[in-house]
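Let's take a look at the aromatic side chains in this one and see who sits next to whom. Here is the structure to follow along with.

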Amino acid sequence: MRADTFQANNHGHTRSRCCLRRPPKPNLGQRFHLQAHQPPSGATLAFRFLHTADWQIGKPFANIAGDSGAELRSQRIKTVESIAQVAIGRAVDAVLVAGDAFDSNEVSDRTIMRTIEALASYNGSWIFLPGNHDAALAHSVWTRMQAMDLPSNIIIADKPEPISLWNDRAIVLPAPLRRRRESLDQTEWFDGASSPDGAARIGLAHGSVANRLPGSADSSNEIPEDRARRADLSYLALGDWHGALNIAPRTWYSGAPEPDRHKANDSGSIFVVDIESHRAPERVEALNVGRYCWVRIDAELVDGTCNGALQALAQLSGEHRSCVVSLNLTGAVSLAERRRLEAELRKWEARLHHLEIDDTGLIDEPTPDDLDALDNSGFVRLAVERLRAKASDASDPDSGTARMALRMMYLDHFAKSA
């Protein structure tokens with residue numbers, strides 16, 4: 001599932017790196033991307049693993065109140081259960097979690113235990129790397145987790161030490177974060193790490209690849225863009241960037257398996273990675289496991305009606321209950337259209353999982369018909385005309401207040417006559 005951006009106006013609709021049709025419910029066998037390389041017919045793959053990151057279990061979703069926020073929190077555990085099922089179905093050797101499995105080191109013991117329970121169906125190796133949200137501090141979510149009598153297949157990679165559990169077919173080189181922001185490159189030790197002849201060398205790290213991510217990305221915990229080459233890695237599994245991305249040769253961000261923000265990146269997936277031999281091209285398959293679709297709609301209302309916003313919402317697919325929508329409204333509408341818009345948005349609030357509306361850029365422009373609906377004679381009409389004059393004068397510091405007063409009068413008038 002994708003965190004989409006949508007731009008709309010009354011003249012049409014323009015999509016920006018998005019697809020507003022609702023993706024299907026998780027199909028654990030669905031293929032979204034497969035790198036071109038294929039192994040020779042009959043070849044046995046040396047090592048297969050899942051690459052995932054940024055679960056951020058325990059994320060509070062403080063801006064989404066009530067049941068909607070609670071359901072988003074609980075879905076993160078359910079998505080982990082889906083990841084375990086993929087691991088079983090694809091017969092992988094290990095699941096590598098490249099940091100930020102938890103949203104913070106302060107998550108509750110109950111949340112930790114529910115996460116452990118969600119892992120139980122897959123009895124292969126779970127390798128957890130501490131990230132910046134759940135750094136390996138002296139007292140952390142990981143020290144608490146270790147005190148819970150963990151199953152032996154759950155491995156917390158909180159030390160920069162090689163992990164080799166697969167009969168010399170592969171070695172995992174972790175770069176745990178021991179504080180939220182590390183000033184030194186934690187992957188440097190990969191270069192000198194020895195490994196068995198022919199074993200796949202897999203780096204596991206959490207941070208920003210230098211010179212590759214967009215300028216707005218957090219540059220803390222920097223990782224050299226050529227680390228995979230310098231350390232002779234078969235694959236570098238990364239976390240921190242929430243979208244699926246092949247950022248450099250043999251260097252991949254899996255993205256967050258459950259979207260959690262209105263951002264145009266390819267979140268909602270996990271990777272099934274096959275390494276045929278140490279220096280063979282990696283094969284990466286992205287599987288969609290996310291439940292919720294986060295969509296941003298920018299609607300500019302340019303003809304005095306609210307049609308642009310309603311048409312944009314209508315582009316959402318039928319599974320509205322899984323849509324978390326941020327609606328940004330700009331432009332101008334009549335009071336009658338504003339009343340219609342608010343009534344329609346109340347219906348959409350009931351249909352969607354969550355609807356967040358920013359209408360600070362939407363201006364009321366009363367029409368003569370709007371004003372006639374309030375009163376066309378006497379004291380009320382005089383007050384309306386004065387408010388209209390203030391509302392239409394952009395230089396008047398009280399113009400916004402006047403527009404608000406007119407809208408309240410208009411809505412109150414129809415409420416009383418209903």
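## F47 and its partner

In this predicted model, F47 has a relative accessibility of 0%, so F47 counts as buried. Its place in the bigger picture: the structure holds twelve aromatic pairs. One of them brings F47 together with W166, with ring centres 5.1 Å apart and planes at 65°, so this pair is edge-to-face. The angle settles that label because edge-to-face takes planes over 60 degrees apart.

The two partners come from distant parts of the chain, 119 residues apart. F47 belongs to strand 3 (residues 47–52), while W166 lies in the loop between strand 6 (154–156) and strand 7 (170–174). W166 is buried too, with a relative accessible area of 5%.

## W189 and F190

Next up are W189 and F190, whose ring centres lie 5.5 Å apart with the planes at 75°, so they also make an edge-to-face pair.

Buried or exposed, what is F190? At 0% relative accessibility, F190 counts as buried. W189, on the other hand, comes out at 24% and counts as partly exposed, because the buried class stops short of 20%.

## A six-residue cluster

Aromatics here also gather in a group: W55, F102, Y122, W126, F128 and W142 form one aromatic cluster.

## Charges over rings

Two basic side chains are worth a look as well. K59 has its charged end over the ring of F61, 5.8 Å from the ring's centre. R291, for its part, lies over the face of Y292, at 5.7 Å from the ring centre.

Definitions and conventions: Residues are numbered from 1 along each chain as its sequence is written. This is a predicted model: local features need pLDDT of at least 70, side-chain atom pairs count only at pLDDT 80 or more; totals for chains, interfaces and linings use all residues. Side-chain values use heavy atoms; hydrogens and water are left out. Rings of Phe, Tyr and Trp (its six-membered ring) pair if their centres lie within 6.5 Å; planes under 30 degrees apart count as stacked, over 60 as edge-to-face and the rest as tilted. Helices (H or I, at least four residues) and strands (E, at least two) are DSSP runs, numbered from the N terminus. Buried means under 20% relative accessible area, exposed over 50%, partly exposed in between (1.4 Å probe, protein chains only). A charge sits over a ring if NZ of Lys or CZ of Arg is within 6 Å of the ring centre and within 35 degrees of the ring normal.
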